[in-house]
Amino acid sequence: MSFLQDPSFFTMGMWSIGAGAIGAAALALILANTDVFLPKPQKATLEYLEDIDLKTLEKEPMTFKAKALWENNGAVIMAVRRPGCFLCREEAADLSSLKPKLDELGIPLYAVVKEQVKTEVKDFQPYFKGEIFLDEKKKFYGPERRKMIFMGFVRLGVWYNFFRARSGGFSGNLEGEGFILGGVFVVGPGKQGILLEHREKEFGDKVNLVSVLEAARKIKPQTSASEKK
């Protein structure tokens, strides 16, 4: 058992433990930057979206079914993760840049939020050029809600998104719930269905604007019964 008295034995042992810990940490970091452990989104059906209850943001709010947003002309809808988030404000501004083209197509731009905290929605409106509604039951964030918490801060893509938005001059705050991931939908009128469904996979994972426009151009406005005659 003389090797137990050899200092180099313990040095090698500690080095091996340290190297193992570093290797495990490196592997965890690599895996965290793949999609292996990301929550998988469950696709929404048109029927699911149609039945969602939304509220207006007036002093005396009105409740209505979400299908009213798109039943005549279709719609582009942003499910906002958190209005005070500078990444969400960046995406809102990007989507709003499409509004002139959407107006030409006769397609409205909307957003839904999952809560009203202080003046967060009001402060979000300068970035978003459409009407905003409240989805208290967070249905637009389902059918199965996905969250990103600690993993978001070790993903290189998230840090890239942080720097991109900051470099673009966007700022925000930490008010409200911001872990339930959002998304963007393009929905056609009637039973035309969901033409685009972008589910945020990580903080700052923006929808592709070209894809939004391509989907919007596929929308066929409903023809009224009187026009069919």
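**View 1. Lys 118 is an exposed residue with a salt-bridge partner.** In this predicted model, Lys 118 has a relative accessible area of 70%, so it counts as exposed. Its side chain meets that of Glu 175 in a salt bridge, at 3.2 Å from N to O. This pair ties together distant parts of the chain: Lys 118 belongs to the loop between strand 4 and helix 5, while Glu 175 belongs to the loop between helix 6 and strand 6, 57 residues apart. Glu 175 is partly exposed, with a relative accessible area of 29%. Elsewhere, Glu 90, Asp 94, Arg 164 and Lys 206 are joined into one network by salt bridges that share partners.

**View 2. Here are two more of the 13 salt bridges found in the whole structure.** Start with Lys 65 and Asp 53, whose side chains meet at 2.9 Å, N to O. Lys 65 sits in strand 2 (residues 63-65) and Asp 53 in strand 1 (residues 53-55), so this salt bridge links parts of the chain 12 residues apart. Both partners are partly exposed: Lys 65 at 34% relative accessibility and Asp 53 at 30%. Now look at Asp 103 and Lys 99, where the closest N and O atoms are 3.1 Å apart. These two both lie in helix 4 (residues 99-105), four residues apart, or about one turn of the helix. Asp 103 is partly exposed at 45%, and Lys 99 is partly exposed at 23%.

**View 3. Phe 124 and Phe 128 form one of the ring pairs.** A search of the whole structure turns up seven aromatic pairs. In this one, the ring centres are 6.1 Å apart and the planes are at 15°, so the pair counts as stacked. Both residues are tucked away: Phe 124 is buried at 0% relative accessible area, and Phe 128 is buried at 3%. In another spot, ring pairs link Phe 64, Tyr 110 and Phe 133 into a cluster.

**View 4. Charged side chains can sit over rings too: check out Arg 166 and Phe 86.** The charged end of Arg 166 is 4.1 Å from the centre of the Phe 86 ring. Lys 114 does something along these lines with Tyr 141, lying over the ring face at 4.9 Å from the centre.

**View 5. Which residues touch the most other members of the largest nonpolar core?** They are Val 76, Met 78, Leu 102 and Phe 128, in a core of 36 residues. Elements giving two or more residues to this core include strand 3 (75-79), strand 4 (109-113) and helix 7 (209-217). Helix 3 gives the largest share, five residues. That helix is mostly covered, with nine of its 11 residues buried. Among the buried ones are Phe 86, Leu 87 and Cys 88. As background, nonpolar side chains tend to be buried together in soluble globular proteins.

**View 6. Not every nonpolar side chain hides away: Phe 150 is exposed.** Phe 150 has 70% relative accessibility and lies in the loop between strand 5 (131-134) and helix 6 (156-167). Together with Ile 149, Phe 153, Trp 159, Phe 163 and Phe 179, Phe 150 makes a nonpolar surface patch of about 660 Å².

**View 7. Ala 44 sits in a loop, between helix 1 (7-32) and helix 2 (46-50).** Is Ala 44 buried or exposed? Ala 44 is buried, with a relative accessible area of 9%. Its C-alpha atom is separated by 9.0 Å from that of Glu 144, which is 100 residues apart from Ala 44 along the chain.

Key:
Residues numbered from 1 in each chain as written. Predicted model: local features only at pLDDT ≥ 70, side-chain atom pairs only at ≥ 80, totals over all residues. Heavy atoms only, no water. Phe/Tyr/Trp six-rings, centres within 6.5 Å; stacked < 30°, edge-to-face > 60°. Buried < 20%, exposed > 50% of the residue type's maximum accessible area, 1.4 Å probe, protein only. Lys NZ or Arg CZ within 6 Å of the ring centre and 35° of its normal. Patch = residues over 30% accessible without salt bridge, like charges linked within 9 Å, V, L, I, M, F, W, Y side chains within 5 Å. Areas by Shrake-Rupley, 256 points an atom, 1.4 Å probe, with all protein chains shown as cover. Salt bridge = Lys/Arg side-chain N within 4 Å of Asp/Glu carboxyl O. Core = buried A, V, L, I, M, F, W, Y, C linked by side-chain atoms within 4.5 Å.
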